[in-house]
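Trainee: I should like to examine this model by question and answer, beginning with its internal space. May we look at it together?

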Amino acid sequence: MLRPAVSAFSLVLLRVNVSFPTGPGSAEQIILRWIHIVAGIIWLGFLYFLVLAGRPMLNSLDPATRAKVFPELRRGAWWLRWGALVTWLAGFRYFMILSQTDAAGAGRPNAWAGWMGIWFGCWVAAFAIEMALIRSGKGLLGNPFIAVVLVLFLMAATSWLVLSLLAQPGVSNRTLSISVGGGLGTVLLFNVWGIVWRCQKRLFVWTRALAEDGTPMPPEAAELGRIATLTMQISFWLSLPLLFFMAAAAHYPFLSGG
């Protein structure tokens, strides 16, 4: 039984033609993709765990137990934020390569720098508005559901603006799809480093002190916890369209430049 199986396996191998792409550009792109995917799995994996399992678990604990358990999530937060940074850096470099290719194909080899500037400026502005909405926490914005809906609307409007500005002759579906998916990823990166971690690092210290010697939590702890939780929930929902547009870059060509 074993020998026929080995023979069949060898026959399959002999029929496979292996031919690696030549040139450093192809090697760089596959390495960037691999790093981007692996780091992205770590990033979103920890985000999903903390939102879907970590927060409900903490809420189910009594205050004393929660004070002991919460600081232990610091390692998960480390993987979350550094996974986000590595994912973004690899993706940004790959996005640059695609933009340069499209610009050269359109006969405007230097246009890619302007496209990248427009793209980055739009998403930085979107993050600034989002941060203001999250930090407000007053009136209707104090309702997490309303805050999430407003941020989703903001990101949809930013996506439309970016596509409208970048949909120029020669710009491919890959570049346009990543301009949205990567833009949302940029906002998520800023969410991790600019909002969540700035809140968490203080909450970890205060909670550990509470568990070890009973030092009471400062008055602002509740507000920082609200901001961090809401930001992570928003990041969770934004990750869904992010993944769609990143997958559509290569597998669902529905966008093209004018």
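Trainee: What is the volume of the largest cavity?

Mentor: The model is a predicted one, and the values discussed here are computed from it. By the rule applied, the count is one cavity of 30 Å³ or more. The volume of the largest cavity is about 50 Å³.

Trainee: Which element gives the largest share of the lining of the largest cavity?

Mentor: The lining consists of Trp43, Leu47, Leu80, Leu188, Val192, Val196, Met232 and Ser235. Two or more residues of this lining come from each of α2 (24-59), α7 (173-213) and α8. The largest share, three residues, is that of α7.

Trainee: How do the residues lining the largest cavity divide by class?

Mentor: The lining includes Leu47, Val192 and Met232, and also Ser235. Leu, Val and Met count as nonpolar, whereas Ser falls among the polar residues. The full division is seven nonpolar, one polar and no charged.

Trainee: Turning to open space, which residues are the closest to the centre of the largest pocket?

Mentor: The largest pocket holds about 720 Å³ of space. Its lining comprises 30 residues, and those closest to its centre are His36, Ile37, Ile178, Met246 and Ala247.

Trainee: Which element gives the most to the lining of the largest pocket?

Mentor: At least two lining residues are supplied by each of α2, α4, α7 and α8. By class, the lining has 19 nonpolar, nine polar and two charged residues. The element that gives the most, with nine residues, is α2.

Trainee: Is Ile178 buried or exposed?

Mentor: Ile178 is placed in helix α7. Beyond its neighbours within four places in sequence, Ile178 is in contact with Tyr94, Phe95, Leu98, Trp119, Gly183, Met246 and Ala249. Its relative accessible area is 7%, and because the cut-off for burial is under 20%, Ile178 is classed as buried.

Trainee: How far apart are the C-alpha atoms of Ile178 and Phe92?

Mentor: Along the chain, Ile178 and Phe92 are 86 residues apart. In space, the separation of their C-alpha atoms is 9.5 Å.

Trainee: Which element gives the largest share of the lining of the second largest pocket?

Mentor: The second largest pocket contains about 530 Å³ of space. Of its 25 lining residues, the closest to the centre are Arg55, Leu58, Arg66, Phe70 and Leu203. Each of α2, α3, α7 and α8 supplies at least two residues of this lining. The largest share, seven residues, comes from α8.

Trainee: How many charged residues are in the lining of the second largest pocket?

Mentor: Arg55 and Arg66 are among the residues closest to the centre of this pocket, and Arg counts as charged. The lining as a whole has 16 nonpolar and seven polar residues, and its charged residues number two.

Trainee: Why does the span of α2 agree with the expected value?

Mentor: α2 has 36 residues, and the expected span takes 1.5 Å times one less than that number, so the helix should span 52 Å. The C-alpha atoms at its ends are 51 Å apart, which agrees with the expected 52 Å.

Trainee: Where is the kink in α2 centred?

Mentor: The kink in α2 is about 40°. The buried residues of the helix include Leu47, Leu50 and Val51, one of which marks the site. The centre of the kink is Leu50.

Trainee: Which elements do the buried residues of α2 pack against?

Mentor: The buried residues are Leu32, Ala39, Gly40, Trp43, Leu44, Leu47, Leu50, Val51, Gly54 and Leu58. In an α-helix, residues three or four places apart point the same way, because there are 3.6 residues a turn. The elements packed against are α3 (63-69), α4 (74-105), α7 and α8.

Trainee: Which residues is Phe244 in contact with, leaving aside its neighbours within four places in sequence?

Mentor: Phe244 is found in helix α8 (residues 221-251). Phe244 is partly exposed, with a relative accessible area of 41%. Its contacts are Tyr252 and Phe254.

Trainee: Finally, how many helices does the protein chain have?

Mentor: Along the sequence, the chain follows the pattern α-α-α-α-α-α-α-α. Of its 258 residues, 39% are buried. The secondary structure comes to zero strands and eight helices.

Methods
Residues are numbered from 1 along each chain as its sequence is written. This is a predicted model: local features need pLDDT of at least 70, side-chain atom pairs count only at pLDDT 80 or more; totals for chains, interfaces and linings use all residues. Side-chain values use heavy atoms; hydrogens and water are left out. Helices (H or I, at least four residues) and strands (E, at least two) are DSSP runs, numbered from the N terminus. Buried means under 20% relative accessible area, exposed over 50%, partly exposed in between (1.4 Å probe, protein chains only). Contact means heavy atoms within 4.5 Å. On a 1 Å grid over the protein atoms alone, a cavity is a set of points where a 1.4 Å probe fits but cannot get out, and a pocket is an open set with protein on both sides within 12 Å along at least five of seven lines; lining residues have an atom within 4 Å of a point. Grid points are joined across faces, edges and corners, and a volume is the space filled by probe spheres set on the points. The bend at a residue is the angle between axes fitted to the seven residues ending there and the seven starting there.
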